[in-house]
Amino acid sequence: MKKLLLFFIGILFISCASSKKANINEDAIKNKYVDEINVIDLKDHVYLLANDVLEGRKTGEKGQKLSANYLAGYYQNLGIDPPEGHDNYFQEIPKSFFNKKSNASSENVVAFIPGSEFPEEVIVISAHYDHLGKKGKEVYNGADDNASGTSAVLEIAQAFQKAKKSGYGPKRSILFMHLTGEEEGLFGSKYYTSHPIYPLANTIVNLNIDMVGRVDKKHKNKPNYIYLIGADKLSSELHKLSEETNKKYSQLKLDYTYNDEKDPNRFYYRSDHYNFAKNNIPIIFYFNGVHDDYHQLTDTPDKINFEILAKRTQLVFYTAWEIANREKRLVVDKK
Ligand SMILES: [Zn+2]
């Protein structure tokens with residue numbers, strides 16, 4: 001009897017200690033894994049993806065296929081699996097889907113970390129990895145557009161996987177998505193949202209990253225900024241959570257200029273997140289704004305500000321962490 005009592009006291013003690021640990025350490029945990037997102041790794045990825053060898057990553061061409069293999073190999077090395085029931089990381093899109101804008105079939109690259117408590121609820125973190133190809137022998141490297149966002153997704157995945165390996169995996173599932181055919185007309189996201197791997201009804205948010213490695217003219221002397229677009233359009237909770245997360249961890253200046261419905265650039269409608277928003281899925285689009293090298297041969301890796309790229313990537317990680325681990329699923333309360 002005494003032994004039994006001691007046993008129960010022991011159990012009680014252990015369970016108190018572990019729930020206490022979960023509360024106290026959440027910030028410490030976040031801060032520990034966010035260090036996985038750093039300048040050195042981001043530099044490696046951007047310089048590789050924007051290398052001439054990849055010939056501008058044009059949809060359906062050799063360089064895009066090589067890039068897809070690089071991304072898939074990276075997830076395999078990290079031990080992040082393809083989506084359940086899939087034996088590889090490629091979502092193949094037939095040539096016919098591209099309305100003659102690709103010479104061959106092409107592929108989205110997808111990797112999946114299942115959630116520990118609400119596995120059916122899925123967060124999509126996306127970036128397109130295709131670009132404009134070549135002009136004669138000259139290569140459009142697309143370092144900012146969008147080797148920067150592609151690298152950000154890779155680093156965020158690594159941080160979540162490291163956390164998972166130490167027992168702090170996300171409560172909700174995360175789908176890491178590298179989209180093709182964006183430059184030709186958002187084809188990768190159009191295909192995914194019409195052929196979703198996980199039901200769109202349970203896809204709770206899309207965090208989309210397209211061009212996050214540069215500083216535009218407006219912020220020349222204050223590079224700690226990011227343009228956010230779309231956060232308040234479908235979910236007031238998402239906007240609030242995004243603001244609070246930034247205030248607490250990243251302290252970037254969140255610039256909402258392009259979020260204004262009256263802004264003539266209409267960026268909300270111009271990258272892959274829009275295909276998710278159309279399906280009533282709340283989105284945030286992370287963007288550094290335009291610059292003179294946009295869609296030019298001069299969008300090269302040496303012009304990337306890797307410190308700010310790391311900070312912006314960390315903000316997306318913190319935001320995804322909050323959405324993945326909060327008690328309740330994000331509410332869609334706007335039309
Ligand atoms: Zn882009």
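**Exercise 1. Work out how H6 and H8 are oriented in this predicted model: are they oblique or parallel to each other?**

Start with the geometry. H6 covers residues 236–250 and H8 covers residues 306–325; their axes come within 9 Å and cross at roughly 125 degrees. Now bring in the cut-offs: 65 to 115 degrees counts as roughly perpendicular, over 145 as roughly antiparallel, and under 35 as roughly parallel, with the rest oblique. H6 and H8 are therefore oblique to each other. As for handedness, H6 passes H8 in a right-handed crossing.

Next, look at who does the touching. On the H6 side you'll find Leu241, Ser242, Thr245, Asn246, Tyr249 and Ser250, while H8 brings Lys311, Gln314, Leu315, Tyr318, Thr319, Glu322 and Ile323. Sort the residues of this H6–H8 contact by type and you get 5 nonpolar, 6 polar and 2 charged.

**Exercise 2. Do the same for H3 and H4: at what angle do they pack?**

Take H3 as residues 62–78 and H4 as residues 143–165. The angle is about 10 degrees, with the axes 11 Å apart. Angles under 35 degrees count as roughly parallel, and H3 and H4 are therefore roughly parallel to each other. Their crossing is right-handed.

For the contact itself, Tyr74, Tyr75 and Leu78 of H3 meet Leu154, Ala157, Gln158 and Gln161 of H4. That H3–H4 contact splits into 5 nonpolar, 2 polar and no charged residues.

**Exercise 3. Place Leu254: is this residue buried, partly exposed or exposed?**

First find the residue: Leu254 sits in strand S9, residues 253–255. Then count: 17 other C-beta atoms lie within 10 Å of Leu254. Buried needs 20 or more and exposed needs 12 or fewer, so Leu254 comes out as partly exposed.

Now check its company. Setting aside neighbours within four places in sequence, Leu254 contacts Ile226, Leu228, Glu243 and Asn246. Asn246 also turned up on the H6 side in Exercise 1. One more distance: Leu254 and Asn224 are 30 residues apart in sequence, yet 8.9 Å apart in space, C-alpha to C-alpha.

**Exercise 4. Zoom out: what radius of gyration does the protein chain have, and what would a compact globule have?**

The chain has 335 residues, and a compact globule with that count would be near 20 Å; the chain has 20 Å, so the two agree. Its C-alpha atoms fill a box of roughly 85 × 45 × 40 Å along the principal axes.

Finish with the overall tally. There are 8 helices and 10 strands, and 47% of the residues count as buried. Among contacts with a separation of 6 or more, 82% join residues 24 or more positions apart.

Notes: Residues numbered from 1 in each chain as written. Predicted model: local features only at pLDDT ≥ 70, side-chain atom pairs only at ≥ 80, totals over all residues. Axes fitted to C-alpha atoms, helices over the stretch in contact; angles between N-to-C directions. Helix = DSSP H or I, 4+ residues; strand = E, 2+ residues; numbered from the N terminus. Left-handed = near helix turned anticlockwise from the far one by under 90°. Contact = placed C-beta atoms within 7 Å. Nonpolar A, V, L, I, M, F, W, Y, C, P; charged D, E, K, R; others polar. Rg over C-alpha atoms; globule rule 2.2 N^0.38 Å.
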